[in-house]
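Me: I'd like to go through this structure with you and ask how each label was earned. Could you set the values against the cut-offs as we go?

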Amino acid sequence: MIMGFKPCLSHGKAAEVEFPVELDYHAFMTSGYREVELDALEHSLEGELLRDRAHRILYATDASVYRQMPLAVARPRHEGDLIRLVEWAGKTGCSLVPRGAGTSLAGQAIGPGVVVDISRWMDGILEVDPAGRRARVQPGVIRDRLNRDLKETGLFFAPETSTTDRCTIGGMVGNNACGLHSLRYGSTREHVSRLRVILADGSVEWWAPKSPGEIEPDTEKSGTTGRVLRGLDALLNEPGARREILDGFPHPEIPRRNSGYALDIMAESRPYNPTGGDFNLCRLLCGSEGTLALVTEIELCLEPLPPRYRALMAVHLTRRQEAYLAAGLVLEWNPDAVEMMDHHILALAGKSPEQRENRFFVKGDPGAVLLVEFARGDEDALIHDCEGLESDLRGAGLGTYFPLLRGDDMNRAWALRRAGLGVLSRTPGAKRPVSVIEDSAVRVRDLPRFMSAVEDRLAHFGLEYVVHAHVGSGELHLRPMLDLHEKSDVALFRELGEEMARLVAEFRGSLSGEHGDGRLRAPWLPLVLGEANMRRLERIKDMFDPEGIFNPGKIVRVPPVDSDLRTCPGISPATVQTIADFTAEGGLATAVERCNGSAECRRIKGSPGTMCPSYRATREELHSTRGRANMLREFLVRPDAAIHPLDHPEVSLVMEYCLACKACRAECPSGVDMARLKGEVLQRRIDHHGATLSARAVAAYPVLAQIGMLWPSLANTILAGRLTGGWLRKILDFASQRPFPRLPSWREQVGLRRAFGPPMNPRRNGELLFLMDEFSFAQDAVVARAAIILLRRLGYTVKPSPRIRSGRTLISRGFLRRARTRAAVNVGRLSGRVSDAIPLVGIEPSTLLTFRDEYPDILRGSLREEAARIGSLSMLLEEFLARAMDRGEIDSRDFSNRYLHILYHGHCHQKALSSTEPALRCLGLPANYVVEEIESGCCGMGGVFGYERAHYDLSMRIGEEFLFKAVRSAPESTVIVSGGTGCRQQILDGTGRRARHPAEVLLEALDGP
Ligand SMILES: Cc1cc2nc3c(=O)[nH]c(=O)nc-3n(C[C@H](O)[C@H](O)[C@H](O)COP(=O)(O)OP(=O)(O)OC[C@H]3O[C@@H](n4cnc5c(N)ncnc54)[C@H](O)[C@@H]3O)c2cc1C
Ligand code: SF4
Ligand code: SF4
């Protein structure tokens, strides 16, 4: 049982009541006055109070194994809203759960009261004072955004988590976060100079370090601060208390100590330790997980950017144990970071399309890799230390290979290390690496013994596990493989947590090094800190928050460790018959459950990659990949929702803005493939409710286009006509701003048909089958002709495939069953024609790549095998040309020498399923063509998505993110190039500039001087 909302008939003190752990909002909200209370709150806020089921589901989870339905979600606009929330909570007794990006791993960003999402609106950088090396920010600012803004000043906010591109400074304060470079910079606590807080009585205060003389007058104050100072003073002055605290808390040599409230630090400050630092309540608040006060502004101490001369040594070790032994030796060289990844993580990273390339420095199959970073003032010192370390390690018989990474290679290696936790979710099967004992820290010198003891315990339980770690700080992220749907594994989960706590206590370690206690570790805190210290922590909570309104059930007075699990132990997730094949993942539900909440899909604008365009443009959890996965999980896993798990209004809501761009398939470290899941959801909706006219028309586009091509001038007149086109757009629910694609004239159609033939060059480079899909013959006949002529002039025989309707429009509207039939027909038609010697080459990524991606997924039996064979022999024109370059079939002498600057935008499917690298290479083939890729993410078109009235605005907003700006600011002489038909249309509609296909540009380059 957990404390919920307290009745407040008189707004006076009411008796506390307990509600079931699974607090059912609808049952609970039956009595009218509670609705009235929430109504009153809603009206008093300038920000939003979201009370609908969809939002409550989205905020019921963070990155932990827990799920708790909140009563509502508040998104305050400013401090005034926060004060109103606190006052309201004080009156009603409803709890407030502060939340940033919700990337906490121990359940501290969820709870049954009102979740207060500070990340949405309170993300201002209020003041930067470079001279004083200070920045004042609102708590919702994302750490990477702050540092991007600070770059010009030569300063930065140093603590760094693996979630640095999405986690908020407020959340970092809440968890006292730290990361890769904590050896050099410590944790958030050391970088906060002042905090502006809202206390339980609604008062607002700035907290800052105080000398004993300054504290005394404050002790006399009424209100929360006075009560806290008096209470702390009494607590720390009790006989023997200070000694008990200092002995009971983790060893001071352990730099990462994030367990309980930082009472040991308070006990070490003046006046309790006359030689200590100033007394500072900010230090207590850091790491208090939103349980003591709401933070409304943060003043940060900034550090100068690290020295310019940096290198990363990737020490290859044979066994994991060697990493623990090596850590002490490495520290003697005063490195800036020492991190470790074990062979499991390295192997899983190999399966992540995004991370695979970041493994470039790993040679063979090491048992573990230690990443050691040095930053030094000059190159000589850097090389001296790197060589010294290598020689010491070799002398100690540790390490087999010591590559030294510099420049961008270092960033890539660190990206791999940061993705560590995420890629773990790629583990196949029902057992997943679970956060339970993943954050313990001990003294570095104790690591080898500690890890032997841990390994013994895990072996005793017969458990597999994976490790990555901040070994330089004595901290291990160690995750055993468990299936929390199984009651037996839940029992193990509990037992392991307790065992680990006892072990940590033996070594006087810290149960949490950085991720915090939340509700995952807090139950075991008494075993580590001792019962007496635990009572002291409870007293602290009561001094700050006597009514228990701030994030109850975290750090102290926590519910059982195995309550509120996401998984519903003992109940299997719903089994869903799917069209795509989810066998490899263990079924559709398991594919959804791969999402662990780590929130890479909430990365900010300007982050590398494309995922997730709808989130980047809206900054709404509802439109993130995580939001979508959480919604699906809710209905697949919860027993009360299993009748039609994929067909719920809430599921439709989250899928509405998914562009099916497939970026998550490539970039989500856990491999959540939302486009694929969306297809299943749409098919289910069609099965139960029928398809809309618009969906039917879009699905039938290839047929309709073929009919229109019989008399193209008439069809184009109708499509372009103000009245006729407008009427068509209206009945199709298309945006009035979007012109329909033009159909090719008879001349263009004939031109395309006649383009095929033998090489137009004495060279004989081979033969290929040109994919005549719906885009090539009906929309881009001119581009298709250019591609064919280009290929023939480069020495290839180009034969046409039969006219193929690829099924892309069927898939995008959810007609998966019909797409399967179409795929079967197409495989049959192409089967005898495609071979190693005669590959299938196409110009439109969204159709050509269907052969590689969807066909083998939706077909079965021998057809599937044949589809996979054809898929492996299908390539985009750019891929074909890049391969031809590698074989020496074509080279720059074939092309013009004139100078041309090209800005290239890659299609999302191309980025997800292939790469833009072949396109960049072949466009750069003419000697003086300079090609730059626009870091554009998604263009926003998403096939037909951008044509639809309901999506047009979002589509344009996504385009505005980066692509349109880059195109608009390019000089007229620069040629904009993209392989996607939709991308080129979007560029035209958004900027007025006509983009070209690589085929057109290269064909022109053949003719140049
Ligand atoms: C893949 C992965 C890797 C991670 N790596 C690291 C790592 O390297 N180092 C590390 O330290 N952590 C790590 N974490 C944990 C987490 O990302 C960080 O602690 C991060 O700083 C949390 O920020 P957030 O914005 O997501 O906060 P949230 O999770 O939303 O909140 C964190 C805590 O702060 C409280 N809080 C938030 N805002 C306020 C406020 N305004 N006032 C009062 N309390 C507030 C919340 O109640 C909560 O208790 C990792 C998590 C994941 C999923
Ligand atoms: S969808 Fe992927 S990136 Fe997003 S939270 Fe889930 S696991 Fe992380
Ligand atoms: S397919 Fe694209 S829009 Fe949809 S969830 Fe994945 S990244 Fe986001």
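**How the labels are earned**

Reply: Happy to, and let's start with ligand 1: helix α6 gives the largest share of the shell around ligand 1, five residues. Please keep in mind that this is a predicted model.

Me: Which elements each supply at least two residues of the shell around ligand 1?

Reply: They are β5 (96-99), α6 (169-175) and β12 (294-301).

Me: What makes a residue one of the 35 around ligand 1, and which come nearest?

Reply: The test is a heavy atom within 4 Å of the molecule. Pro98, Gly100, Thr103, Ser104 and Cys178 come nearest among the 35 residues. By class, the shell around ligand 1 holds 15 nonpolar, 17 polar and three charged residues.

Me: Why is the pair formed by Thr163 and ligand 1 called a polar contact?

Reply: The cut-off for a pair of N or O atoms is 3.5 Å. An N or O atom in the side chain of Thr163 is 2.8 Å from an oxygen atom of ligand 1, so the pair qualifies as a polar contact.

Me: How do you know that Ser162 and Val295 pass the test with ligand 1 too?

Reply: For Ser162, a backbone N or O atom lies 3.1 Å from an oxygen atom of ligand 1. For Val295, a backbone N or O atom lies 2.9 Å from a nitrogen atom of ligand 1. Both values are within 3.5 Å, so both pairs count as polar contacts. As for cover, ligand 1 has 980 Å² of accessible area on its own, and the protein covers 99% of that.

Me: What makes the space taken by ligand 2 a cavity, and where does this cavity rank?

Reply: A cavity is a set of grid points where a 1.4 Å probe fits but cannot get out. The space taken by ligand 2 is the largest cavity. Around ligand 2 there are 13 residues, of which Cys595, Ser598, Ala599, Cys601 and Cys668 come nearest. Sorted by class, the shell around ligand 2 has six nonpolar, five polar and two charged residues.

Me: And which rank does the space taken by ligand 3 have among the cavities?

Reply: The space taken by ligand 3 is the second largest cavity. Two elements give two or more residues to the shell around ligand 3, namely α25 (625-637) and α27 (663-667). Among the residues surrounding ligand 3 are Cys612, Cys658, Cys661 and Cys664, along with Arg628 and Lys662.

Me: Why does the shell around ligand 3 come out with nine nonpolar residues?

Reply: Cys, Pro, Leu, Ala and Met count as nonpolar. Cys612, Pro613, Leu659, Ala660 and Met674 are among the residues that surround ligand 3, so they fall in that class. The rest of the tally is one polar and two charged residues.

Me: What makes the bond between Met611 and Cys612 worth noting?

Reply: The peptide bond joining Met611 and Cys612 is cis, with omega about -15 degrees. Most peptide bonds are trans. Cys612 is found in the loop between α23 (588-593) and α24 (613-618). A cis peptide bond also joins Arg270 and Pro271, with omega about 5 degrees, and Pro271 is in the loop between α11 (263-267) and α12 (281-285).

Me: What is the phi of Glu289, and where is this residue found?

Reply: Glu289 has a phi near 55 degrees, a positive value in a residue other than glycine. Most residues other than glycine have a negative phi. Glu289 is in the loop between α12 and β12.

Technical notes:
Residues are numbered from 1 along each chain as its sequence is written. Chains are lettered from A and ligands numbered from 1 in the order in which they are written. This is a predicted model: local features need pLDDT of at least 70, side-chain atom pairs count only at pLDDT 80 or more; totals for chains, interfaces and linings use all residues. Side-chain values use heavy atoms; hydrogens and water are left out. On a 1 Å grid over the protein atoms alone, a cavity is a set of points where a 1.4 Å probe fits but cannot get out, and a pocket is an open set with protein on both sides within 12 Å along at least five of seven lines; lining residues have an atom within 4 Å of a point. A molecule sits in a cavity or pocket if more than half of its atoms lie within 2 Å of its grid points. A polar contact is a pair of N or O atoms within 3.5 Å; within protein, one must be able to donate a hydrogen and the other to accept it, and residues adjacent in sequence count only if both atoms are side-chain atoms. Accessible areas come from the Shrake-Rupley method with a 1.4 Å probe; for residues, only the protein chains shown count as cover. Helices (H or I, at least four residues) and strands (E, at least two) are DSSP runs, numbered from the N terminus.
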